Structures are given as structure tokens and as C-alpha cells.
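Me: Could you walk me through this model with a few questions and answers?

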Amino acid sequence: MAISKNPSLHLHLHHLLFLLLLAPAVNSIGVNYGTLGDNLPPPATVAHFLKSDTIIDRIRIFDVNPDMIKAFAGTGILVSVTVPNGDIPSLTDPWNARRWVNANIKPFYPATKIHYICVGTEVLHWGPQSIVDNLVPAMRVLHSALVKAGITEIKISSPHSLSILFSSIPPSNASFRHGWDVGNLAPMLRFHRETKSAFMVNPYTYYGYSPENPNFYLFKPNKGLFDKVTGKRYTNQFDLLMDAVYVSMKKLGYPDVDIIVAETGWPSGGDPQNTHANPWNAAAYNGGVIQKVDSGVGTPLMPGRKFETYIFSLFNENLKGPSLDEKNFGLFRPDFTQVYDIGIRHESQSKTPSPKPSTPTPTPRAPTSSQGKSWCVPKPDATDVALQSNIDYICSNGIDCSPTQPGGACFMPNTIRAHASFLMNSYYQAKGRHNFDCDFANTGVIASSDPSNGPCKYIS
């Protein structure tokens with residue numbers, strides 16, 4: 001259907017274009033460069049494309065792949081690399097940390113402008129406790145290893161999901177979760193203050209979306225939410241979440257530490273029940289984020305703050321999922337065509353930005369008898385070691401694990417994978433069926449078919 005034939009969509013496009021044209025010209029933006037696809041272009045081609053054709057001047061990768069790091073040498077693009085969660089305990093040893101720096105940083109720096117080393121991904125959320133306990137010590141030891149190697153410009157941080165917040169509405173009442181606040185986050189914030197590095201968070205408004213007030217999640221006009229304590233009105237959830245993080249930091253005594261948006265985004269396609277995952281909403285949200293952070297307006301409680309921000313993600317990744325949402329967070333398709341135009345490419349800056357999809361979006365899977373329901377199960381390549389860590393985490397966080405104990409309905413088959421599958425789904429359902437509650441350090445996926453087996457009935 002042509003956009004011009006849809007009056008309501010036509011009005012929305014005019015509103016979005018008006019906002020974008022009012023904003024200052026976009027200078028730069030960061031993206032998360034994921035590689036879970038079997039059709040993605042080689043890193044050198046990607047680096048050349050970003051440098052020559054886009055305003056993207058910084059990327060974040062989810063490992064220390066030497067081919068990817070090397071591909072950005074000489075481009076001037078800032079590169080943030082990631083220490084896998086499982087490697088964190090070993091980096092509390094100074095010798096191991098120096099060896100890690102010698103192997104993963106020194107061969108490429110400064111030809112590649114390595115910007116941040118992200119120690120793990122959402123470690124507090126996913127655990128296990130042994131890794132949580134070692135997170136801040138590893139960050140400190142790795143920082144010392146960099147200094148001893150004569151590298152003082154690369155910073156250390158660790159991205160967090162917003163499960164670190166006990167509450168966020170209203171922002172004045174926000175706080176970090178008890179236990180993590182004093183035990184983990186206060187020492188980490190002290191480290192950030194000492195090293196002049198930033199605290200990283202992943203605010204996804206997509207996962208909190210409510211059809212009762214869609215405009216609040218998409219930077220569109222709405223009556224907003226009024227915080228009586230501060231007297232501030234919030235007209236978008238992005239500002240609300242960022243101020244909730246700020247208030248939580250302030251309560252621990254660290255309001256001066258910078259904040260980086262390590263991940264945020266919106267999918268352009270999704271499973272049938274997720275009709276809000278579409279290219280128009282993705283363009284509205286990601287375009288709104290770019291306008292917000294580039295304007296330097298800040299938030300109600302942080303006026304004038306300009307947040308370094310990374311959109312998730314660079315490409316649609318066909319091996320993510322199995323939900324279509326996970327496959328369709330990209331700004332670009334693997335052939336470098338834009339999924340929608342929000343002014344990311346140099347050539348489009350002279351044009352009127354339009355969220356019209358450049359080609360048809362992926363066709364949703366046909367509805368099944370379980371349409372509207374979803375379950376969390378382990379990824380096929382998840383190891384037993386990782387799944388046992390998931391079991392330990394789940395059973396220590398208030399989930400009833402008795403069905404997988406001897407005599408329980410889900411004890412058989414008596415395997416780590418079978419037990420982890422049932423318990424990961426129990427956790428996912430109990431926490432509200434958010435996609436991030438099925439990540440489990442990248443070992444879980446959302447399924448649309450019921451995995452129940454005989455007497456073992458999965459919650460849905």
C-alpha cells in the first residue's frame with residue numbers, strides 16, 4: 001500500500017518530518033555491529049561503507065574479533081570491543097589481564113581507534129554470582145593493565161540492562177535493586193569517577209511498549225507523565241528511563257558520572273502478535289533518539305546533557321531469533337540498503353528524511369494455534385555449563401524449581417538442557433515475558449510453539 005493512500009500514516013509522516021527538520025543536523029551516531037547472520041558483508045567492506053557513506057562514527061562489537069578490529073584501522077571510526085562474560089573471572093589476575101591486553105588491544109591500537117572495552121554484557125542481570133562478584137575487580141585490573149601498557153585513552157565500562165532498576169516510575173522514586181546498589185554498582189560508579197569513564201545502560205522502550213499510550217514510546221505528541229516530586233513532565237519513555245538511572249546514581253552519590261546509551265533500538269518487523277514492530281515505528285523511535293541525543297537538550301533532570309548513543313543494530317541478522325523481532329532491529333539490510341531513511345547515509349542528508357521502507361518488510365510467519373503466546377527455551381548451541389549457570393541463577397531468584405527435582409513433572413528427561421528449558425521459561429513468564437528476560441547471556445531464545453512434553457507442561 002502506497003504511503004500517500006493512508007491518511008493517518010501520511011499525517012504521522014508529516015509530523016515526523018517536521019520534528020526532524022526542526023532539529024540541528026545530525027553530526028554522528030553510534031551503532032551496535034552484530035554478526036549473527038550468514039549473509040553479512042565482510043568487515044572491511046562494512047568499515048569502508050560506514051566511513052564513506054554514513055554519519056556513523058563509532059561502533060560497538062560483541063567480542064574481540066581481530067578481523068573486525070583490524071578492518072577499522074585508519075578509518076577514524078571509534079571501536080568499542082567486548083570481553084565475553086565467561087572471561088571475566090580470569091581478568092582479575094594481573095598477569096592474565098596484561099596477556100589479554102597484549103593479545104587483543106596492542107596489535108591493533110592506535111591504528112584502530114579502540115574507544116571502550118566493555119567488560120561483559122548485562123552481567124548483573126544474567127550472572128552467575130561468581131561472575132557478578134568479579135566484575136568490578138576485573139574492570140580495575142584491566143584498567144591497570146592498560147595503564148602499564150602505556151595506553152591511557154581507552155576506557156573501561158560494562159553495559160547494563162535496566163533490570164538494575166528496582167523502580168523507574170516516577171523517576172524521582174527510582175533506585176537500583178537492593179544488593180546490587182551498594183555491593184556492585186556503587187564500587188563500579190566509584191571506578192568510573194576515578195577513571196573518568198562512563199556508566200553504560202541499555203534503555204529499550206520497545207520492550208515496555210503499551211498500546212494504551214503508543215506515542216509515549218515513539219517520541220510522538222502525548223499528554224505525558226507528571227512527576228509530582230520534581231515537577232517535571234515526561235513526554236517520552238526514553239527520558240523517563242534515563243532520568244531513573246540518573247536518580248539512582250545520585251542516591252548512591254554519583255550524579256557526576258557520565259552515562260552512555262550502549263544499546264537502544266526498535267525492530268522494523270516482528271512476529272504476528274507484535275504489530276508495533278514495523279518500519280514506521282522503528283523510524284519514529286530511532287529518528288527520535290538521534291534527534292534527542294544530537295540536540296544536546298538532555299532530559300528533564302539532566303538538561304544540556306548529550307549522551308553518547310549506540311543504536312541497535314547495524315544490520316538485520318537472519319540467525320537471531322527465532323522471533324522475527326530479533327532478526328529485524330537493523331538500520332540496514334546485508335546489501336547495505338536502508339530499511340528506512342532517517343538521515344544515516346550522507347546522500348540522504350540532502351533529502352527529506354522519510355521512514356518509508358525502501359523495499360517490502362519481511363513477511364510475518366503465519367499465525368498458529370499458539371498465536372499471542374511465547375516461550376523461552378535454550379539456544380541449540382548453548383553449552384551445558386552455561387545452562388547449569390542459568391539453572392543456578394533462576395533457582396536462587398525466587399522461581400519454583402521443584403518440577404525439575406526428582407518426582408517432579410519435569411524431572412524426566414533428567415538432563416541439564418531439559419531442566420534449563422523448563423526453568424528458563426518459568427523465569428521468563430514470571431518476570432513479565434520481556435524479551436530481555438529470555439536472553440540469559442545470549443543462551444536463550446523466544447519460541448512461538450509450545451515446548452510442553454507429556455506431563456511437563458510449560459507455563460505460558
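Me: Happy to start with the surface: what share of the exposed area do carbon and sulfur atoms supply?
Reply: This is a predicted model, where local features need pLDDT of at least 70, side-chain atom pairs count only at pLDDT 80 or more, and totals for chains, interfaces and linings use all residues. Residues are numbered from 1 along each chain as its sequence is written, and side-chain values use heavy atoms, leaving out hydrogens and water. By the Shrake-Rupley method with a 1.4 Å probe, the chain exposes about 19,400 Å². Carbon and sulfur atoms supply 55% of it.

Me: Thanks! How much of the chain counts as buried?
Reply: Buried means under 20% relative accessible area (1.4 Å probe, protein chains only). Of the 460 residues, the buried share is 55%.

Me: Which side chain of opposite charge is nearest to Asp-181?
Reply: Asp-181 sits in helix 7, residues 180-195 (a DSSP run of H or I, at least four residues). Asp-181 is buried and has no salt bridge, meaning a side-chain nitrogen of Lys or Arg within 4 Å of a carboxyl oxygen of Asp or Glu. At 9.8 Å, the nearest oppositely charged side chain is Lys-251.

Me: And which backbone nitrogen lies 3.0 Å from a polar atom of the Asp-181 side chain?
Reply: Beyond four places in sequence, Asp-181 touches Phe-176, Ala-186 and Leu-252 (heavy atoms within 4.5 Å). The backbone nitrogen in question belongs to Gly-179.

Me: Lastly, what is the bridge partner of Gly-30 in strand 2?
Reply: Strand 1 (residues 29-32) runs parallel to strand 2 (residues 56-60), with 4 bridges joining them; strands are DSSP runs of E, at least two residues. The partner of Gly-30 is Arg-58.

How values were computed:
Buried < 20%, exposed > 50% of the residue type's maximum accessible area, 1.4 Å probe, protein only. Lys, Arg positive; Asp, Glu negative; His and termini not counted. Polar contact = N/O pair within 3.5 Å; in protein donor to acceptor, adjacent residues only side chain to side chain. Pairing = 2+ DSSP bridges.
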